[in-house]
Amino acid sequence: CMVKDIAVDGDTYYYGGYVCGNGKTAENTIVSNVGFLINGVPSNQAHDGDDVIVPIAQIGDTYYESIQEAVKDAAAAASETNPVTIQLLPGEFEQSITLPSNISYVTFKGADNYGTVLKNSSVGHSGGMSAVKTNITFDGIDFDNSNINLTAIYADTKIENMTVTNCKFHDITGKAAVSINTNSLPNLIGFNFTNNIIENVS
């Protein structure tokens, strides 16, 4: 990708947008520059036209170009004594998420003021022999024509203590904000849906 219109204010790195070889573009994106490199140099030393790896998610000091890459690392590292937060960065992204069979104690945290927008995407899950997913949280994410789909929870899979809080679901067509099959209810234990906004779902 090629970045354009760079500006830096203190510890915040701004760029007017980027253009990638696959035609993907973004405008008016803001990314914290702490630990973030562009073309091998700190972002506050970058120049217009530099190649840029546009991060979407962050765990600690590690940045990821896709949410699923972050999910893979979080699932491997998280435990009851070591919960992991995947910080989703500001921007609008078309990135569906699959929760692997071994994921537990992971929080997906959106940027402030609904700054992370998942557009035309979904959150689903994969099963596995005696798979148990526990203590998974989605916090502060804007779901634009996107949803959480828990319709296929089979006998060998349990989801325990899932929380969806402070999220916004809007402009969703042809699906529910959160889809749960009634046959799956016995294997969905402790689902918390609090302080969310639902608008224009049809």
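Is S104 buried or exposed? Hello everyone, let me start there. This is a predicted model, and in it S104 has a relative accessibility of 12%, so this serine counts as buried.

Where does S104 sit? You'll find S104 in the loop that runs between β10 (97-99) and β11 (106-109). Leaving aside residues up to four places away in sequence, S104 touches A78, V132, K133, T134 and N135. With T134 there is also some polar detail: a polar atom of the S104 side chain lies 3.0 Å from the T134 backbone nitrogen.

Now let's step back to the whole protein. We have 202 residues, and 44% of them are buried. The secondary structure consists of one helix and 21 strands. Looking at contacts with a separation of 6 or more, 71% are between residues 24 or more positions apart. As for the surface, the protein exposes about 9800 Å², with carbon and sulfur atoms supplying 47% of that.

And how many salt bridges does a search of the whole structure find? Just one salt bridge turns up. The partners are D144 and K119, and their closest N and O atoms are 3.0 Å apart. D144 belongs to strand β15 (residues 142-144) and K119 to strand β12 (residues 116-119), so this pair ties together parts that are 25 residues apart in sequence. As a general reminder, side chains of opposite charge can pair when their charged atoms come close.

Have a look at the burial of the two partners as well. D144 counts as buried, at 11% relative accessibility, while K119 counts as partly exposed, at 23%.

That's my tour, friends; thanks for listening!

How values were computed. Residues numbered from 1 in each chain as written. Predicted model: local features only at pLDDT ≥ 70, side-chain atom pairs only at ≥ 80, totals over all residues. Heavy atoms only, no water. Helix = DSSP H or I, 4+ residues; strand = E, 2+ residues; numbered from the N terminus. Buried < 20%, exposed > 50% of the residue type's maximum accessible area, 1.4 Å probe, protein only. Contact = heavy atoms within 4.5 Å. Areas by Shrake-Rupley, 256 points an atom, 1.4 Å probe, with all protein chains shown as cover. Salt bridge = Lys/Arg side-chain N within 4 Å of Asp/Glu carboxyl O. Polar contact = N/O pair within 3.5 Å; in protein donor to acceptor, adjacent residues only side chain to side chain.
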